[in-house]
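Student: Please pick one part of this structure and go through it closely. I'd like the geometry spelled out, plus whatever context is needed to place that part in the rest of the chain.

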Amino acid sequence: MSAPTLAEQVASFAAETSYDDLPDAVVHSVKMRVLDTIGIAVAAAPLETSRSARRWALEQGGRELASAVGVEQRLPANLAAFVNGVLAHSLDYDDTHLPSVLHPSASVVPAALAAAEKHGADGRTLIRAIAVGLETCVRLGMAGYDHEARNSTFFEHGQHATSICGAMGGAVAAAVIAGDGETVLHSLGVAASMASGIIEANRTGGTVKRIHCGWAAHSAISAVELVRHGLTGPPTVLEGRFGFFEAWLHGRFDPSAVSEGLGETWAVPDIFFKPYPANHFTHAAVDAAAALRAEGITVDQVERLTLGVPAPNLRTIGEPIEVKRAPETGYMAQFSGPYAVAVGLLGGSGLGAGLDDYTDELAQDPQRRRIMDLVDVVADERCTEIFPRQFPAVLTARLHDGRELVQEVLTTRGGPQRPLSFEELAAKFEDNAARTLAGDQVDALARACDELETCTDLAALMRPLTTVDPLADPAVGRTTDAGGSSAGATPYPG
């Protein structure tokens, strides 16, 4: 008898892993990711791109089966997943796996939520589905990670691994809810023909990246529904001669990343939460500058600031330096090393920096511009050695009195070495969700996520989210947001 294919191994893992098989750390991590994803989606609802996605979904019609943030009527499950996935990925605030540089939850959680609501699943089933979906997504991403080059082969080919692998992980999550191992296997086979995403917009502009996780979740649900109606996929869909890894990675992949320790070693708890709503490469810069502020250093004392970062990060947050020192919008500020230093030195909101720190007005604030003018961004050899398992930074401040102070941040906050507690995630959630929800609704949602395994009515959990930012007639005015255009952004796949 021939050995099982990679897809067959994934399908067996997903189908045979029960809720009771999940380590406590995985269950806890999944509940935190549901809380985080919902909060980000709620905060993103007023963006014009979010409204566009919701209007498009409403225009499609169909059976009302699942809930979407900011859409009062229920939608077909794949369209609800689309809307929630778009919103979850639109603020550059969603979680990150390293070193694959995937954002797994923004695709997998919306797909699982829609499938669970459609099929009347309970909280334990939802947690199990998200866990195996996230694990699948990360393992496929790591199969495409080049250890020698220390970079994702997906990324080098211009592919957005987040959405490509997210469609596959989302399909596994939805299939676990909707069927058995055969459903998972064929759903992988079908979703592989739907997985997509290119990241050219990060370089030269456009808002299309914001729909990537939504389309991945839409593809995931659609694949499972097609399988339930009789469509099938190839068992060799991953490693086959014309399969997933050949198509995306030209056959350069590590099969052991998919299969080794599957069901025994879990990547889910090690996915990094983002404490700050900005490109992940900038986070250590915020922390390093905040450490200077904690020592009593003020802006008036500083003559020059040098931000050392991994060499691969330089093009993202430090080049061209004249642009990074003078971001035009809040969105551009999210990708600026000098701006991150300004946020940390002045003191940010939330967990150290929040959405209120990344606005068009603050990006052009004279005081922040004055700080940014003092910042050089350079490659640091030690940071480069650590990258990409961490996104470190070393900040050197030369003061007017001749002193030189150095702050090193070599581990990224929100990861396993510097984890965020549930209380800290709840604070991030409150800061996000309170922008569009009443205080009692925010508290109730946080409690519901903390006790997700006891939930028996996921539709009731989602219902308060459907009324945020009601859609007006599209002919009556249009609002713009700081992220309306990503022109001048960078080739970070985030």
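Tutor: Let's start where the two domains meet and work outward from there. A bit of bookkeeping comes before that: this is a predicted model, with local features needing pLDDT of at least 70 and side-chain atom pairs counting only at pLDDT 80 or more, while totals for chains, interfaces and linings use all residues. Residues are numbered from 1 along each chain as its sequence is written, and side-chain values use heavy atoms, with hydrogens and water left out.

The chain is divided into domain 1 (6–259) and domain 2 (280–409), with bounds that come from an automatic or database domain assignment. Taken over C-alpha atoms, the two centres are 33 Å apart. Across the boundary, 14 residues of domain 1 are in contact with 16 residues of domain 2, where contact means heavy atoms within 4.5 Å. About 1200 Å² is buried between the domains, and carbon and sulfur atoms give 55% of that. Buried area here is the accessible area (1.4 Å probe) that two parts lose on being put together, summed over both. On the domain 1 side, Asp 92, Leu 98 and Arg 150 lose the most area to domain 2, together 43% of what that side buries.

Asp 92 deserves the close look. Asp 92 sits in the loop between helix H4 (77–88) and helix H5 (105–119); helices (H or I, at least four residues) and strands (E, at least two) are DSSP runs, numbered from the N terminus. With a relative accessible area of 3%, Asp 92 counts as buried, since buried means under 20%, exposed means over 50%, and partly exposed is in between (1.4 Å probe, protein chains only). The backbone is worth checking too: phi of Asp 92 is near 55°, positive in a residue other than glycine. Val 101 lies in the loop between H4 and H5 as well, and its phi is also near 55°. Val 101 is buried at a relative accessible area of 10%. For background, most residues other than glycine have a negative phi, and most peptide bonds are trans.

While we're on backbone geometry, there are cis peptide bonds to look at. One runs from Glu 319 to Pro 320, with omega near -10°, and Pro 320 is in the loop between helix H15 (311–317) and helix H16 (321–324). Another joins Phe 387 and Pro 388, with omega about 5°; Pro 388 falls in the loop between helix H21 (381–386) and strand E7 (393–399).

Back in domain 1, what packs against H5? Ala 217, in helix H11 (residues 212–228), is in contact with Ala 81, Ser 107, Pro 110 and Ala 111, leaving aside its neighbours within four places in sequence. Ala 217 and Ser 107 are 110 residues apart along the chain, yet their C-alpha atoms are separated by 5.1 Å. Ala 217 has 0% relative accessibility, so it counts as buried.

Next, the helices that make handy sanity checks. The expected span is 1.5 Å times one less than the number of residues. For the 21 residues of H6 (residues 123–143) that gives 30 Å, and the end C-alpha atoms are 30 Å apart, which agrees. H6 is mostly covered, with 19 of its 21 residues buried. H8 (residues 161–178) has 18 residues and should span 26 Å; its ends are 25 Å apart, which agrees as well. H8 does bend by about 25° at Ala 167, the bend being the angle between axes fitted to the seven residues ending there and the seven starting there. Of its 18 residues, 17 are buried, so H8 is largely enclosed by the rest of the structure.

Finally, the nonpolar core: a set of buried Ala, Val, Leu, Ile, Met, Phe, Trp, Tyr and Cys residues joined through side-chain atoms within 4.5 Å. The largest has 123 residues, and Ile 130, Leu 238, Phe 244 and Phe 245 touch the most other members. Beyond its neighbours within four places in sequence, Phe 245 has contacts that include Leu 6, Leu 140, Leu 238 and Phe 253. Apart from that core lies another, of 43 residues, with Leu 314, Ala 333, Tyr 358 and Leu 405 among them.
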